[in-house]
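User: I would like to go through this structure and ask why its parts are given the labels they have. Please set each value against its cut-off.

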Amino acid sequence: MKKAIIASMLAMTATAFAGDVTVSSVHDFTTHSYGLRAGTSVAGLTVTATHIDNAYNRYAVGKDFELVKVGPVALSAGAAVGYQDTYGSDNGYGLVVGAKATMPITKAIDLVASTERFTGQDRIANSNGATGTLGIKVKF
């Protein structure tokens with residue numbers, strides 16, 4: 001939990017360079033565990049830190065591409081490169097691809113839901129799988 005708080009604080013610090021911060025609840029469907037994610041946008045890239053309880057911390061840098069807008073909901077797809085710090089096991093790199101839906105609640109707050117697939121190096125292949133998130137994005 002301490003690492004999740006530290007990751008959230010780092011994301012908040014990055015707001016000096018960014019215009020938004022997203023905080024989400026995460027469910028990892030492979031480990032059947034829950035966790036937290038903090039993210040922000042820096043120089044057009046999405047930077048995230050994910051903490052899954054008793055399983056791993058994953059840090060990713062990638063890019064989202066807006067696909068279509070359906071009413072107030074913006075749908076996008078993205079890809080990222082991530083580093084995974086797995087508790088009591090090997091650490092390694094992997095690729096993350098996903099889809100995201102963003103719906104404005106107010107002028108400065110959005111509701112964000114996403115799903116993604118992680119595929120890592122052989123030494124962390126036991127963490128390959130899907131995650132789902134639901135969170136709030138605050139724009140500055």
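Analyst: In this predicted model, 8 strands close into a barrel, in the order S1-S2-S3-S4-S5-S6-S7-S8, and their pairing is antiparallel. From one strand to the next, the twist averages 25 degrees. The protein chain has 1 helix besides its 8 strands, and the elements run α-β-β-β-β-β-β-β-β from the N terminus on.

User: What makes S5 and S6 a pair of strands?

Analyst: Two strands pair if there are at least two bridges between them. Strand S5 (residues 73–86) and strand S6 (residues 92–104) are joined over 11 bridges, in the antiparallel sense, so they meet the condition of at least two. One of the bridge partnerships is that of Ala 74 with Thr 102 in S6. The two strands form a hairpin with 5 residues between them, and Gly 88 in the turn has a positive phi of about 65 degrees.

User: How do you know that S6 and S7 pair?

Analyst: The same cut-off of at least two bridges applies. S6 and S7 have 11 bridges, in the antiparallel sense. Among the bridge partners, Lys 100 is matched with Ser 114 in S7, and Ala 99 with Thr 115 in S7. These strands also form a hairpin, with 4 residues between them.

User: Why is Thr 48 called buried?

Analyst: Buried means under 20% relative accessible area. Thr 48 has a relative accessibility of 18%, so it counts as buried. Thr 48 lies in strand S3 (residues 45–52). Leaving aside neighbours within four places in sequence, Thr 48 is in contact with Arg 37, Ala 38, Gly 39, Arg 58, Tyr 59 and Ala 60.

User: What share of the residues of the protein chain count as buried?

Analyst: Of the 140 residues, 39% count as buried.

User: How do you know that Arg 37 and Glu 116 form a salt bridge?

Analyst: A salt bridge needs a side-chain nitrogen of Lys or Arg within 4 Å of a carboxyl oxygen of Asp or Glu. For the side chains of Arg 37 and Glu 116, the N to O distance is 2.7 Å, so the pair passes the test of being within 4 Å. Arg 37 lies in strand S2 (residues 33–42) and Glu 116 in strand S7, so the pair ties together parts that are 79 residues apart in sequence. Both Arg 37 and Glu 116 are buried.

User: How many salt bridges does a search of the whole structure find?

Analyst: The search finds 3 salt bridges. One of them joins Lys 100 and Asp 64, whose closest N and O atoms are 2.7 Å apart. This pair links distant parts of the chain, with Lys 100 in strand S6 and Asp 64 in strand S4 (residues 56–70), 36 residues apart.

User: Why are Lys 100 and Asp 64 called partly exposed?

Analyst: Partly exposed is the class between buried, under 20%, and exposed, over 50%. Lys 100 has a relative accessible area of 25%, so it is partly exposed. Asp 64 has 30%, so it is partly exposed as well.

User: What makes Lys 139 and Asp 110 a salt bridge?

Analyst: Their side chains meet at 3.2 Å, N to O, and the cut-off is within 4 Å, so the pair counts. Lys 139 in strand S8 and Asp 110 in strand S7 are 29 residues apart, and the pair links distant parts of the chain. Lys 139, at 33% relative accessibility, counts as partly exposed. Asp 110 has a relative accessible area of 5% and is buried, because 5% is under the limit of 20%.

User: Which residues make the nonpolar surface patch, and what makes Ile 136 eligible for it?

Analyst: The patch is made by Met 103, Ile 105, Ile 109, Leu 111, Leu 134, Ile 136, Val 138 and Phe 140, and covers about 670 Å². A patch residue needs over 30% relative accessible area. Ile 136 has 34% and is partly exposed, so it passes that cut-off. Ile 136 is placed in strand S8. S8 gives the most to the patch, with 3 residues. Strand S7 (109–120) and strand S8 (129–139) each supply at least two of the patch residues.

User: How much area does the protein chain expose?

Analyst: The chain exposes about 7700 Å², of which carbon and sulfur atoms supply 66%.

Conventions
Residues are numbered from 1 along each chain as its sequence is written. This is a predicted model: local features need pLDDT of at least 70, side-chain atom pairs count only at pLDDT 80 or more; totals for chains, interfaces and linings use all residues. Side-chain values use heavy atoms; hydrogens and water are left out. Buried means under 20% relative accessible area, exposed over 50%, partly exposed in between (1.4 Å probe, protein chains only). Accessible areas come from the Shrake-Rupley method with a 1.4 Å probe; for residues, only the protein chains shown count as cover. Patches are made of residues with over 30% relative accessible area and no salt bridge: like charges are joined within 9 Å, nonpolar side chains (Val, Leu, Ile, Met, Phe, Trp, Tyr) within 5 Å. Axes are lines fitted to C-alpha atoms, for helices over the stretch in contact, and angles run from 0 to 180 degrees between N-to-C directions. Contact means heavy atoms within 4.5 Å.
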